[in-house]
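This report covers the ligand site and some backbone features of the structure below.

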Amino acid sequence: MGSIDLYGESERNETGCNIPFNNALDPEEFRRQGHIVIDFLADYYQNVEKYPVLSQVEPGYLRKIFPESASNNHDSIENILKDVQDYIVPGLTHWQSPNYFAYFPSSGSIAGLLGEMLSTGFNVVGFNWMASPAATELEGMVMDWLGKLLNLPRCFLFAGGGGGVLHGTTCEAILCTLVASRDRMLSKIGRDKMDKLVVYGSDQTHCALLKATKIAGLDLKNFRTIKTSKLSNFGLSIESFRSTIAADLEAGHIPLFLCATVGTTVCTAVDPVGPLCRVAKEFAIWVHVDAAYAGSACICPEFQHFMDGIEGANSFSLNAHKWFFTTLDCCCLWVKEPKALIKALSTNPDYLNNKATDSNQVVDYKDWQICLSRRFRAMKLWLVLRMYGATKLRNFLRSHVKMAMKFEEFVSNDKRFELVVPRNFATVCFRISPLVGNDKMLKYDEEVIGDTEGVNKVNQMLLESINSTGQVYMTHGVIGGEYVLRFCVGATLTEDRHVSNAWKVVQVCADEILGLDS
Ligand SMILES: *Cc1c(COP(=O)(O)O)cnc(C)c1O
C-alpha cells in the first residue's frame, strides 16, 4: 500500500501485507468467528470417543511445539483452531468423553455451555447489585429454585432469612463459612482466643477443610481428623465426634466448626447429618455440610433422606459443575445466617457507595465471597434448570445411578472381584479380592505376597493397565488402608454400552494379571 498509516489502523503481518485492523469486539467478526468455534466444538463432541480418554503426552510436550514468546503479529481463528486440534486436543484428558469414569464428573450440557456463553458474552462484573442488577437478582432466584428442588428447609432460602450464593468452588465455600464461624465466635469470646478454636472433620473429609483452616489462620494443632471405619461405611460416628469434643473441652480448647460430608470424595460415604448437628448444637459448633458431588442427586426424592437433619446445619454446599450439567465453575452455597458471612467478608470502600446498598433492599454478593469481582454464574444454572426442568434432570441423574448399578452387578457376579463399600450414588468402589489367592497374584509379580500390601499392589497394576488402554479412564482411592478402583458414572454422553465396554476392559486387564483360568 502506498499511503502512510497515520492512525495505526493497519499493521504488517509476517508476509508483509497489510491486514485491516478490526476492533477487537467487532460484532460482525464476532458472529463469523463465533460460528466457527461452535462448529469446532460440535465436531469435538462428535469425535470425543475416538481420543484416548487419558491424555498420553509427556510432561513439557507443549513448550517444544510453540514459540518461546508471543508474536507481534496477529493471527486468524482458522489458524489457531488448527493448532488447537493438532497440539492442544492431544494434551487434553477428555472429561466429556462417554468413557470418562474418573474422579467425579464435570458434567457438561448444551444448557450449561450456552449459559456460560451468555454470561461470558455479557461479561458483566456483578460485585454489588448496582453493578448489574440482573446478575444479582437471577442468582438469588435460582438459588431459591434449586434450594426448593433439594427440599432445603425454608431457613436456607431468602424468604426464610437465609440465602444462597454462587462461589467458584467448594474450597471457597468452606473457607468463607469457616471464616464466618470464626469471627462470630471470636466476637463473643475475644480475638485473643483464636489459638483455642478447634475444627472437626473425618479422615474422609475433603482436604479443602485443612486448606481452609490454614488460610483462616487457625492453629493446625487444633485440626481434628476423626477416624472412620468400615463398620460405619466410613461415615463419621456420633460417638467419636462426641468423645473428640469432650477431650478438647477437657484440654481447654473451644470447638468451632464441623465439616460433615454427604458423599465423600473417595467412596461417597455419608456422615449422619441430623445426629451430628444435634451434638454440634450443644456446643454451638457451626456445621457445614459439604455435598459437592452427591448434593445433585438430592433433587430426587429417593436420595433426600441422605440430607435428613439438614435444618440443624448452618450451611450447605454442592458443586453444580460436578454432577448437575453446569460447566465449571459453579459451587452453590446456602447459609442460614447471611449476616455471619457478611460480617466476616464485607469491605466498603467509598467508591462503591450507592443508594441501592444504602437502602438495605439489595444483596451485594461481594460480601458473601472472597473476591470483589464475580462472574455471572447464575445464567448457566438458570439455563440448566429452565432448559431441562426438574423432571428431565432427575431422569438424567437416575440414568447414571442405573448404569452404576449395572456395573456393580458386573463386579458382584465375578468372583475375582469385590465391592469395597456399598454404593450410595453413581460411584462404585471395587477391587480384585484378596480371596483370589496368592498363587494367581504371584504369577504376575514375584514380589506380591498376598497381604494387604500385595493386594493393593495388584489392584494398582490393574488400574494402570486399564487406563493405559486409553479406552476408559478410572481413578483410585485408599480407604481403610485398602487400594480401591473407583468407577464413577456421570459424564453426560455416557450410555449403557460404554459401561458394558468398560467392564470388558476391566476383565481383559484382570485376565492378563491373574491368568485366564480363574
Ligand atoms: C470435589 C470435592 C470438593 C472440592 O471441590 P472444589 O470445588 O474443587 O473445591 C470438596 N468436597 C467434596 C466432597 C468433593 O467431592
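A residue is taken as near the ligand if one of its heavy atoms lies within 4 Å of it. The model is predicted, so local features need pLDDT of at least 70 and side-chain atom pairs count only at pLDDT 80 or more, while totals for chains, interfaces and linings use all residues. Residues are numbered from 1 along each chain as its sequence is written, and side-chain values use heavy atoms, with hydrogens and water left out.

The ligand is surrounded by 13 residues, of which Thr-170, Cys-171, Asp-290, Asn-319 and Lys-322 come nearest. The shell comprises three nonpolar, eight polar and two charged residues; here Ala, Val, Leu, Ile, Met, Phe, Trp, Tyr, Cys and Pro count as nonpolar, Asp, Glu, Lys and Arg as charged, and the others, Gly among them, as polar. Helix 5 (170–189) and helix 9 each contribute at least two shell residues; helices are DSSP runs (H or I, at least four residues), as are strands (E, at least two), numbered from the N terminus.

Polar contacts (pairs of N or O atoms within 3.5 Å) to ligand oxygen atoms include these:

| Residue | Part of residue | Distance |
|---|---|---|
| Thr-170 | backbone | 2.9 Å |
| Cys-171 | backbone | 2.9 Å |
| Thr-265 | side chain | 3.2 Å |

On its own the ligand has 390 Å² of accessible area (Shrake-Rupley method, 1.4 Å probe), and the protein covers 87% of this.

Turning to the backbone, the Leu-328 to Asp-329 peptide bond is cis, with omega near 0°. Asp-329 sits in the loop between helix 9 (320–323) and strand 9 (331–335). Asn-123, not a glycine, has a positive phi of about 50° and belongs to the loop between helix 3 (110–122) and helix 4 (133–149).

Notes: A polar contact is a pair of N or O atoms within 3.5 Å; within protein, one must be able to donate a hydrogen and the other to accept it, and residues adjacent in sequence count only if both atoms are side-chain atoms.
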